[in-house]
Amino acid sequence: MSDLALPYVLAPITDPVLERVKYDNFLVSLRNRRERVTLLESKPFDLTMDLTSICHLKCPYCSTGNGTLKRQKSIMKEDLYLDLMRRVGESCFLMWYFSNGEPLLHKRFAELVGSVQHQQVFSIISTNLSLELSDTALRQLVASGLGMISVSLDGATAETYSLYRRGGDFDLVVRNMRRLVELKRELGLTYPLIEWRFLRFQHNEHEEKAARKLAADIGVDLLEFWPGGAPPAESRRKEGVYRSTKPLAGPAISGPALARLAAHQRATRKLARMVPKFIAGGEVEIESVTRKCDWLYFSGMIHPSGRIGPCCVSNDEVDDFAETFEQLGPVDGAFNSAKHVEARNMFATGAISRTVCQKCPQPRAQHYQFRMKLRAILRNAPDWAVRLLAKEPETYFLPEDKILVPEVGALMRLESWAHSKRFWNMDWRAWRASP
Ligand SMILES: C[S@@+](CC[C@H](N)C(=O)[O-])C[C@H]1O[C@@H](n2cnc3c(N)ncnc32)[C@H](O)[C@@H]1O
């Protein structure tokens with residue numbers, strides 16, 4: 001996922017009513033996770049929703065591309081989409097419209113996303129952009145209200161690109177990306193951010209410098225380098241596609257949007273001002289932290305058929321947690337199917353569970369997947385929410401959060417001040433906290 005820049009570029013909620021609804025729900029989510037309850041009172045504040053489970057490329061380590069995905073090929077129906085958004089849109093901050101499928105293969109993608117703009121959900125797609133798209137279609141996409149379009153382009157030349165993105169057309173992707181940037185300029189928009197996302201493998205790692213040059217020439221808002229995953233077993237590795245072993249020469253995330261939007265955020269938001277610029281947050285030993293999975297408290301995965309999975313990791317329909325939203329329990333929009341309850345209980349008590357969580361293939365995702373999202377949402381938090389969190393941080397956060405999420409560390413430093421009127425009345429613009 002392309003979330004390295006998120007803490008610095010997430011758009012704040014501008015509608016005060018929606019801001020209240022979203023942050024109220026967010027605070028309940030944090031408390032539910034802190035207490036490791038099995039039945040949630042909150043709705044997800046972050047969701048992954050695949051609008052298609054199909055793709056025209058054959059990327060060798062992608063389950064859709066290599067044919068190992070055990071899901072029906074489908075495209076989400078419009079009625080279903082609108083019904084889902086009615087249930088969860090208002091309380092949601094972030095929507096990731098991609099997981100297994102290529103989102104732009106949904107012919108009405110831009111219209112669907114555009115139709116729920118009033119809910120102020122920051123929406124992100126990752127697309128291979130290797131599609132013949134008319135100028136009208138590209139313009140619609142740019143004007144749809146999306147927060148970010150992340151373009152998967154793993155190489156700075158056609159030769160290296162096509163080793164992983166099999167069936168993709170490098171020149172077409174570059175042409176489309178260039179046009180997105182031009183159209184955005186023409187329309188005078190800040191969002192969507194146009195991001196070039198480059199998966200690094202051994203075969204393309206030497207093109208870092210060329211990619212930085214080309215990104216600047218095209219004028220993308222962000223350039224992100226991300227480690228391309230490859231199977232550990234030699235027998236499953238594809239000819240020529242291996243993990244990169246060379247460190248990056250420059251930053252993993254860069255681009256003009258980063259400094260520009262971060263500066264704006266720091267000028268307007270208290271918590272953003274308290275955390276030094278562009279720092280990552282520390283690492284934790286997974287074995288020594290609280291047993292829980294953030295996916296089960298903050299998020300969920302909605303497939304194009306409407307089925308609900310615990311997270312984006314599970315590739316097989318048999319592992320889903322519910323077939324429809326009605327199976328999620330009595331509170332509309334809260335994810336409390338029998339399997340959700342069982343999985344949360346497994347983490348909290350160590351009980352054996354028959355869910356896929358018992359054999360989670362990505363334990364790091366339980367603790368790290370939401371780090372950047374938490375950071376981003378906290379940095380944009382309104383005063384009333386910062387005040388509540390700072391008064392009783394241990395009601396909302398786990399001890400390890402202050403290591404993983406620098407904004408939580410900042411909130412904890414605020415705690416001793418949180419009761420003082422002077423603190424809340426002071427001119428924050430003139431105030432700088434030491435890191
Ligand atoms: C499966 S794709 C689907 C979305 C869209 N078709 C695309 O290509 O961006 C979702 C994300 O997985 C990433 N991805 C694909 N293969 C990967 C790999 N071997 N390691 C890490 N990420 C990978 C893609 O770059 C993309 O950001």
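The expected span of a helix is taken as 1.5 Å times one less than its number of residues, and helices (H or I, at least four residues) and strands (E, at least two) are DSSP runs numbered from the N terminus. The structure is a predicted model, in which local features need pLDDT of at least 70 and side-chain atom pairs count only at pLDDT 80 or more, while totals for chains, interfaces and linings use all residues. Residues are numbered from 1 along each chain as its sequence is written.

Helix α12 (residues 338–349) passes the length check: its twelve residues should span 16 Å at 1.5 Å a residue, and the C-alpha atoms at its ends are indeed 16 Å apart. Buried positions in α12 include Lys-339, His-340, Arg-344 and Phe-347; buried here means 20 or more other C-beta atoms within 10 Å of a residue's own, exposed means 12 or fewer, and partly exposed falls in between, with C-beta atoms placed from the backbone. The buried residues of α12 pack against α11 (295–298), where a contact is a pair of C-beta atoms, placed from the backbone, within 7 Å. Right after α12 comes Gly-350, with a positive phi near 85°.

Next, the core. The largest nonpolar core (buried Ala, Val, Leu, Ile, Met, Phe, Trp, Tyr and Cys residues joined through C-beta atoms within 7 Å) runs to 112 residues, and Val-9 and Met-177 have the most contacts inside it. Leaving aside residues up to four places away in sequence, Val-9 touches Leu-193, Ala-257, Leu-258 and Leu-261. In soluble globular proteins, nonpolar side chains tend to be buried together.

Around the ligand sit 16 residues, of which Tyr-61, Glu-102, Ser-126, Ser-152 and Gly-229 come nearest; a residue counts as near when its C-beta atom, placed from the backbone, lies within 6 Å. Strands β3 (122–127) and β5 (193–200) each supply at least two residues of this shell. By type, the shell splits into six nonpolar, eight polar and two charged residues, with Ala, Val, Leu, Ile, Met, Phe, Trp, Tyr, Cys and Pro as nonpolar, Asp, Glu, Lys and Arg as charged, and the others, Gly among them, as polar.

A few backbone oddities remain. Most residues other than glycine have a negative phi, and most peptide bonds are trans. Arg-36, though not a glycine, has a positive phi of about 50°; Arg-36 lies in the loop between α2 (16–35) and β1 (46–49) and counts as partly exposed because it has 17 C-beta neighbours inside 10 Å. Gln-120 also has a positive phi, near 50°, in the loop between α4 (109–115) and β3, but Gln-120 counts as buried, with 21 such neighbours inside 10 Å. The Tyr-191 to Pro-192 peptide bond is cis, with omega near 5°, and Pro-192 lies in the loop between α7 (170–187) and β5.

Key:
Contact = placed C-beta atoms within 7 Å.
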